[in-house]
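Trainee: Could you take a close look at one part of this model with me? I would like to follow the packing inside the protein and then see what lies around it.

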Amino acid sequence: MIALPEMPPDFRLVRVEKDGCLFWGVLSGDSRHVYPLSGPGHGAHRVEDVRFHPPVTPGKIIAVGLNYRAHGKEMGKSLPEEPLLFMKAPSALLAPNGHIHLPRMSRRVDYEGEIAIVIGRRVSRISPEEVPLCLYGITCANDVTARDLQKKDVQYTRAKSFDTFCPLGPVILTGALPDDRKLVTEVNGVVRQDARASDMIFDPLTLVSFISQIMTLEPGDVILTGTPAGVGPLSPGDRVSVTLEGVGSLVNTVTADPDFSPDLPV
Ligand code: ZN
């Protein structure tokens with residue numbers, strides 16, 4: 001369980017690194033400066049002088065499958081009667097601007113732009129009406145998926161949990177709900193997914209309440225709310241961005257699987 005800073009609503013919280021020091025900050029309205037909440041000095045840092053980390057290190061990442069009608073259709077699957085849940089390994093977390101590595105084990109890796117909900121308080125078995133009290137905020141996520149392995153395996157664990165398969169960030173918009181925000185995924189500048197949060201089959205309040213009937217939710221836990229229609233494959237050299245209206249853009253590049261030691265998120 002992690003400690004998140006107490007924040008008023010509508011701030012864009014970031015976690016950044018400078019000179020080997022990792023700290024929380026608030027991104028300025030024009031996205032050009034980071035004002036540190038802790039850490040070295042008190043002045044603003046220019047965004048080009050800091051390295052962005054995922055804005056939170058979740059204890060668990062819970063994801064929702066088939067939560068948009070058109071996506072269910074494109075996958076040739078019937079829609080679930082209850083939210084369809086799976087988990088992604090927290091070690092799959094990837095920072096904004098980090099490289100998504102295409103694993104040798106898979107022949108087909110897809111992007112899935114999603115809205116992520118960040119939990120702010122420890123809760124269990126809450127009603128949809130109680131959900132706003134435990135929400136910390138929202139951010140952008142890419143639920144990167146080895147599609148061929150997802151089809152092959154009954155469980156989604158392998159297909160969803162390779163290292164670098166969960167880009168998250170760059171900011172948490174505090175105290176916010178997805179509402180009717182626009183969610184757009186682009187690959188190399190071409191729009192591939194374009195939907196609204198209100199297109200979800202199970203809305204965010206219903207989802208969080210449903211999940212809390214099963215497992216206690218802790219501060220920092222992240223819920224990926226499902227991807228809209230338009231998923232597709234990634235190739236080495238691609239630049240993929242997930243943009244959530246009023247929040248920001250999560251940008252990552254794609255590389256073939258090198259013999260690498262991952263840049264571990266801290
Ligand atoms: Zn997904």
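How many residues does the largest nonpolar core have, and which of them have the most contacts inside it?

Mentor: Happy to! Keep in mind that this is a predicted model. The largest nonpolar core has 38 residues. Those with the most contacts inside this core are Val-34, Phe-52, Ile-119, Val-208, Leu-217 and Ile-223. Two or more residues come from each of these elements: strands E1 (12-18), E2 (21-27), E6 (61-65), E11, E12, E14 (166-174) and E19 (239-244), together with helix H4 (204-212). Domain 1 (12-53) and domain 2 (61-256) each supply at least three residues to this core. As background, nonpolar side chains tend to be buried together in soluble globular proteins.

Strand E11 also takes us to the metal. The zinc ion has three protein donors, Glu-112 (OE), Glu-114 (OE) and Asp-143 (OD), which lie 1.9 to 2.1 Å from the ion. Along the chain, these donors follow the spacing E-x1-E-x28-D. Glu-114 sits in strand E11 (residues 113-119), while Asp-143 belongs to the loop between strand E12 (135-142) and strand E13 (145-146), so this pair ties together parts that are 29 residues apart in sequence. Glu-114 and Asp-143 are both buried.

Strand E19, another contributor to the core, leads to a sheet. This is an open sheet of five strands in the order E9-E20-E19-E15-E16, with mixed pairing. Strand E9 (99-102) and strand E16 (190-196) form its edges, each pairing on one side only. From one strand to the next, the twist averages 20 degrees. E9 runs parallel to strand E20 (residues 248-256), and four bridges join the two. Across that pairing, His-101 stands opposite Thr-255 in E20.

Since you work at the bench, you may also wonder about the cysteines. The count of disulfides comes to zero, with a pair of cysteine sulfur atoms counted only if they are within 2.5 Å. Take Cys-134: the closest cysteine sulfur to its own is in Cys-166, and at 19 Å that is too far for a bond. Cys-134 is buried, with 1% relative accessibility, whereas Cys-21 is partly exposed, with a relative accessible area of 28%.

To pull the picture together, strand E11 gives residues to the core and also holds the zinc donor Glu-114, while strand E19 gives residues to the core and has a place in the five-stranded open sheet.

Key. Residues are numbered from 1 along each chain as its sequence is written. This is a predicted model: local features need pLDDT of at least 70, side-chain atom pairs count only at pLDDT 80 or more; totals for chains, interfaces and linings use all residues. Side-chain values use heavy atoms; hydrogens and water are left out. Donors are N, O and S atoms within 2.8 Å of the metal (3.2 Å for Na, K and Ca); water is not among the atoms, so sites may look incomplete. Buried means under 20% relative accessible area, exposed over 50%, partly exposed in between (1.4 Å probe, protein chains only). Two strands pair if DSSP finds at least two bridges between them. Axes are lines fitted to C-alpha atoms, for helices over the stretch in contact, and angles run from 0 to 180 degrees between N-to-C directions. A nonpolar core is a set of buried Ala, Val, Leu, Ile, Met, Phe, Trp, Tyr and Cys residues joined through side-chain atoms within 4.5 Å. Domain bounds come from an automatic or database domain assignment.
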